[in-house]
Amino acid sequence: MTQVALKCEGVTVSYGALRAVNDVSHDFQEGRVYGLIGPNGAGKTTLLNVLAGRQMRHRGRVFCGGQEISQRPAYERARMGIGRSFQIIKIFGEMTVAENLLIAAQSRRPGFQPFWISRSFDKQFREQLDATLELTGLAAHRDDIAGTLPYGLQRSLELGVTLIPDPKILLLDEPLAGIGHHEIQAALELIQKVSQGRTVLLIEHNMDAVMSLSHEIVVMSNGSVIACGSPEAIRKNESVRSIYLGEDAL
Ligand SMILES: Nc1ncnc2c1ncn2[C@@H]1O[C@H](COP(=O)(O)OP(=O)(O)OP(=O)(O)O)[C@@H](O)[C@H]1O
């Protein structure tokens, strides 16, 4: 029987009178990919922030592997195996690819000192680094300055930074944002590869991509979950189609 990896219960986030997330409850099962879709402003990123511990001012509860984590800050959740990538790429543009990955690996360790890379980083780091470079297709770029990479490879590095601590749960916020048409297929294959054996929550506006990558789609509108189900069921769902004014979008 599959286990619940991540769970939210009655999560509500208010900004003044606005309910950005409104009483959202959902179980995310181990090893499954969940596409989180909805129009702009639906509350998707805010919900992801609640799950990642980056939005602590909320009502409701969050659980990871059965343990309540509602009060745990983001860095503790990261050490518990929750990795989060961002809509806007957050890498150190003036450092090399390998340095970016090493900082990410070290930062998940207790006692980490920011902006300091041990010269004697241990075998485990080397192995993590090599595996992540290989996985993300960045092995040939390990010594390149990150900011000089083509955009698609910067996106791969952003994903690598999230992956290097080997999170069991991946929260991906628009990982295809800004990627050119010719790079989409490679990016999709990478996301598919890194999703194996992990629980993934994927916010993505590219409908074909999110439908092909996900086992289950969760649809938000005005802060609430209005539907969830298989990609096929969601494509046919009338209320979902009506919030996407152009039905072709689905
Ligand atoms: N810090 C904030 N202060 C005030 N309002 C906010 C804040 N962050 C988000 N909001 C509002 O909360 C609502 C939900 O925003 P959120 O970014 O979660 O939506 P989203 O579904 O991720 O949208 P998009 O697809 O455009 O990224 C929006 O109306 C947004 O303007």
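**Close-up views of the helices and of M80**

**View 1. G53, just after helix α1, takes a positive phi of about 85°.** Helices here are DSSP runs of H or I with at least four residues, strands are runs of E with at least two, and both are numbered from the N terminus. This is a predicted model, in which local features need pLDDT of at least 70 and side-chain atom pairs count only at pLDDT 80 or more, while totals for chains, interfaces and linings use all residues. Residues are numbered from 1 along each chain as its sequence is written. The protein chain averages a pLDDT of 90, and 91% of the residues score at least 70; pLDDT is the predictor's confidence in each residue, from 0 to 100. The model scores ipTM 0.96 and pTM 0.89.

**View 2. Helix α1 (residues 44–52) is largely enclosed by the rest of the structure, because 9 of its 9 residues are buried.** Follow the helix from K44 through T45, T46, L47, L48, N49, V50 and L51 to A52, and you will meet these buried residues in turn. A residue is buried if 20 or more other C-beta atoms lie within 10 Å of its own, exposed if 12 or fewer, and partly exposed in between, with C-beta atoms placed from the backbone.

**View 3. Helix α3 (residues 97–107) has V97, A98, N100, L101, L102, A104 and A105 buried.** The cover over these residues includes α4 (123–135) and α5 (151–163), and the next two views take these neighbours in turn.

**View 4. α3 and α4 pack at an angle of about 125°, with their axes 10 Å apart.** Axes are lines fitted to C-alpha atoms, for helices over the stretch in contact, and angles run from 0 to 180 degrees between N-to-C directions. The two helices, α3 and α4, are therefore oblique to each other (angles under 35 degrees count as roughly parallel, over 145 as roughly antiparallel, 65 to 115 as roughly perpendicular and the rest as oblique). The crossing of α3 and α4 is right-handed; that is, the near helix is turned clockwise from the far one by less than a right angle, whereas anticlockwise would be left-handed. Look for A98, L101, L102 and A105 of α3 meeting F125, Q128, L129 and T132 of α4. This contact of α3 with α4 holds 6 nonpolar, 2 polar and no charged residues. Ala, Val, Leu, Ile, Met, Phe, Trp, Tyr, Cys and Pro count as nonpolar, Asp, Glu, Lys and Arg as charged, and the others, Gly among them, as polar. Two residues are in contact if their C-beta atoms, placed from the backbone, lie within 7 Å.

**View 5. α3 and α5 pack at an angle of about 30°, with their axes 8 Å apart.** This pair, α3 and α5, is therefore roughly parallel, and its crossing is right-handed. V97, N100, L101 and A104 in α3 meet L157, G160 and V161 in α5. Of the residues in the contact of α3 with α5, 5 are nonpolar, 2 are polar and none is charged.

**View 6. α5 and helix α6 (residues 184–195) pack at an angle of about 10°, with their axes 11 Å apart.** α5 and α6 are therefore roughly parallel to each other. From α5, G152, R155, S156, L159 and L163 meet A186, A187, L190 and V194 of α6. The contact of α5 with α6 has 6 nonpolar, 2 polar and 1 charged residues.

**View 7. M80 is found in the loop between α2 (74–79) and β6 (82–85).** With 16 other C-beta atoms within 10 Å, M80 is partly exposed. M80 touches C64 and I69, not counting residues up to four places away in sequence. M80 and G65 are 15 residues apart along the chain, and their C-alpha atoms are separated by 9.6 Å.
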